[in-house]
Amino acid sequence: MFYPFLLFLLHITMASAADLRYGYYAKACPKAEFIVRDVMKKAWIREQRSAASVMRFQFHDCFVNGCDASMLLDDTPNMLGEKLSLANINSLRSYEVVDEIKEALEKACPGVVSCADIIIMASRDAVYLTGGPYWEVKLGRLDSLTASQKASDAVMPSPRSNATYLIDLFSRFNLSVKDLVALSGSHSIGKGRCFSIMFRLYNQSGTGLPDPAIDPRFREELKKLCPPDVDQNVTKGLDATPLKFDNQYFKDLVSGRGFLNSDQTLFTTPQTREFVMQYSINQELFFDDFAKGMEKMGDLQSDNPGEIRRNCRVANQHHGNTVWES
Ligand code: HEM
Ligand SMILES: *[C@@H]1O[C@H](CO)[C@@H](O)[C@H](O)[C@H]1NC(C)=O
Ligand SMILES: *[C@@H]1O[C@H](CO)[C@@H](O)[C@H](O)[C@H]1NC(C)=O
Ligand SMILES: *[C@@H]1O[C@H](CO)[C@@H](O)[C@H](O)[C@H]1NC(C)=O
Ligand SMILES: *[C@@H]1O[C@H](CO)[C@@H](O)[C@H](O)[C@H]1NC(C)=O
C-alpha cells in the first residue's frame with residue numbers, strides 16, 4: 001500500500017527535475033559545483049587540451065536529443081551509440097575526465113548528480129579555466145536511457161558545412177545567427193585533424209583546387225602539415241592560441257586563417273560576417289554572447305525518459321521503475 005505511493009512521489013519529484021534551475025543541487029549535493037571544478041582543473045593541469053575536449057561535449061550532447069549525456073553511453077550488443085558516429089569517431093576525447101568527475105560526485109553524494117549536468121558544469125569550468133567568461137548554469141537534467149548513432153549522424157554538422165547550412169541548422173534549435181557565430185568561437189581552444197581539412201586544401205567543392213578563402217601563406221603552412229599522403233590524425237590548433245579562450249579565433253577568420261571550412265565561411269558569408277568583425281575587435285562582446293549561447297544550448301531537452309546514471313558510460317539496470325520526464 002505504501003509502495004505505490006512512494007513511486008508516485010518519486011515520479012512527481014523527477015518530473016519537476018526537467019525544470020532546470022540555478023542552485024539545483026544546493027541541498028542534495030552542496031559541493032557538486034565545487035567538485036566538478038576541482039576535478040576539471042586537475043585534468044586541465046595534467047593536459048591542457050582536455051578543457052577544449054570536454055567543452056566540446058556540450059555541443060555534441062545537446063544537439064542530439066537534448067542535453068541528456070546520450071553521447072557518453074558506450075555501445076552495447078543491442079545499441080549502437082553516438083561514440084562512433086561520423087562527427088565523433090576518432091575525434092571526441094577526454095571521456096575519462098567525465099568519469100573522474102562522476103566518481104568524485106558518487107563518493108560525495110551517491111545517485112544525485114546527472115552526467116548531463118556534469119557536462120554542462122565542466123564545460124563552463126573549462127572555458128573559465130582557459131581564460132574565458134564565467135556564467136551560472138541551470139541544473140536538473142536527467143540522463144538518457146539510450147543513445148543513437150543515427151541521431152548523431154543526422155544532426156551533427158560536417159567541417160565542410162557552409163554558413164547558410166549552419167544558420168539553418170542552428171535555427172532548428174532556436175539558436176540565432178548571432179548564437180551560431182558566438183558559439184563557433186568555442187574553436188578559440190582545441191585542435192582539429194588534417195582529416196577535417198584535406199578537401200579544402202586539395203579539392204574544395206570538387207574543383208580540384210584549394211578553398212580560395214584561405215590566406216595563401218596559411219595555405220602553404222597547412223599543406224606542409226597535411227600533405228596528400230599524411231596520417232590524417234595529425235592535429236593543429238583551431239586558432240593561433242589554442243590553449244587560451246580569447247577572440248583570436250575571430251581575428252584569424254578576418255585574415256583568412258580559419259582552420260575549418262565551417263569556420264572560414266562565417267567570414268565569407270554576409271549574414272555572419274558582421275558578427276565575426278565585431279567579435280574580432282570586441283572580446284567582451286564575444287564573451288557575453290558566448291555565455292548566453294551556451295546557456296541557450298544548455299536548455300535543449302528531449303521528452304524522453306531519464307534517470308541519474310551511476311556510471312556515465314552505461315544506463316542503470318532497470319526493474320520497472322523507469323522515471324519519465326513529462
Ligand atoms: C558550428 C558548427 C560546428 C562545426 C561544423 C564543428 C566542427 C568541428 C570539427 C570538425 C572539429 C575538429 C574535429 C577533428 O578534426 O577531430 C571541432 C573541434 C572542436 N569543436 Fe566544433 N564544430 C562546431 C561548433 C562547435 C560548438 C558549438 C562547440 C562548443 C560550444 C564546439 C567545440 C569544439 C571544440 C572545443 C573543439 C576542439 C576539441 C579538442 O581539441 O579536442 N564546436 N569542431
Ligand atoms: C551550402 O551547403 C548546402 C548543403 O550542403 C548546399 O546545398 C548549398 O548550395 C551551399 N550554399 C552555398 C552558398 O554554397
Ligand atoms: C523553439 O521554440 C519554439 C517556440 O517557443 C518551441 O515550440 C520549440 O520547441 C523550440 N524548439 C527547440 C528545439 O527547443
Ligand atoms: C575532386 O572531387 C570531385 C568530386 O567529388 C571528384 O570527381 C574529383 O575526382 C576530385 N579531384 C581530385 C583531384 O581528387
Ligand atoms: C586515426 O587513428 C585511429 C585510431 O588510432 C585509426 O583507427 C584511424 O584510421 C586514423 N584515422 C585516420 C583518418 O588516419
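**View 1. Two faces of helix 7, residues 163–171, in a predicted model.** The face of helix 7 that is turned away from its buried side carries Thr164 and Asp168, which are exposed, whereas Ala163, Leu166 and Phe170 of this helix are buried. A residue is called buried if 20 or more other C-beta atoms lie within 10 Å of its own, exposed if 12 or fewer do, and partly exposed in between, with C-beta atoms placed from the backbone. Seen down the axis of helix 7, the buried residues fall within an arc of 60°, so they line one face of the helix; the arc is that of the directions from the helix axis to the C-beta atoms. These buried residues pack against helix 8, helix 12 (261–268) and helix 13 (270–281). Helices (H or I, at least four residues) and strands (E, at least two) are DSSP runs, numbered from the N terminus, and two residues are in contact if their C-beta atoms, placed from the backbone, lie within 7 Å. This is a predicted model, in which local features need pLDDT of at least 70 and side-chain atom pairs count only at pLDDT 80 or more, while totals for chains, interfaces and linings use all residues. Residues are numbered from 1 along each chain as its sequence is written, and chains are lettered from A and ligands numbered from 1 in the order in which they are written.

**View 2. Annotated positions between Asp61 and Glu82.** An unreviewed UniProt entry places the feature "binding site" at Asp61, Val64, Gly66, Asp68, Ser70 and Glu82. Although these positions are spread over 22 residues of sequence, they cluster in space, with a largest C-alpha distance of 13.3 Å. UniProt positions are given in the numbering used here, feature names are shortened, and annotations may be inferred rather than shown by experiment. Glycine 66 lies in the loop between helix 3 and helix 4 and is buried, with 24 other C-beta atoms within 10 Å; leaving out residues up to four places away in sequence, glycine 66 touches Leu300, Gln301 and Ser302. Aspartate 68 is placed in the loop between helix 3 and helix 4 and counts as buried, with 29 C-beta neighbours inside 10 Å. Not counting residues up to four places away in sequence, aspartate 68 touches Ala116, Arg141, Leu142, Asp143, Ser144, Ser302 and Gly306.

**View 3. Asparagine 65 and asparagine 90, each with a positive phi.** Most residues other than glycine have a negative phi. Asparagine 65, in the loop between helix 3 (49–62) and helix 4 (95–108), has a phi near 60° and counts as buried, with 22 C-beta neighbours inside 10 Å. Asparagine 90 is found in the loop between helix 3 and helix 4; its phi is near 55°, and asparagine 90 is exposed, with 10 other C-beta atoms within 10 Å.

**View 4. The surroundings of ligand 5.** Asn90, Phe195, Asp231, Gln232 and Asn233 surround ligand 5, where a residue is near a molecule or strand if its C-beta atom, placed from the backbone, lies within 6 Å of it. By class, this shell has one nonpolar, three polar and one charged residues; Ala, Val, Leu, Ile, Met, Phe, Trp, Tyr, Cys and Pro count as nonpolar, Asp, Glu, Lys and Arg as charged, and the others, Gly among them, as polar.

**View 5. Histidine 187 and the annotated positions Asp239, Thr241 and Asp246.** The "binding site" annotation of an unreviewed UniProt entry covers His187, and UniProt also places this feature (unreviewed entry) at Asp239, Thr241 and Asp246. Histidine 187 lies in the loop between helix 8 (177–184) and strand 2 (191–193) and is buried, with 24 other C-beta atoms within 10 Å. Leaving aside neighbours within four places in sequence, histidine 187 is in contact with Leu238, Asp239, Tyr249 and Asp263. Threonine 241, in the loop between strand 3 (235–237) and helix 11 (248–254), is partly exposed, with 18 other C-beta atoms within 10 Å, whereas aspartate 246, in the loop between strand 3 and helix 11, is buried, with 20 other C-beta atoms within 10 Å. Not counting residues up to four places away in sequence, aspartate 246 touches Gly131, Ser188, Thr241 and Gln283.
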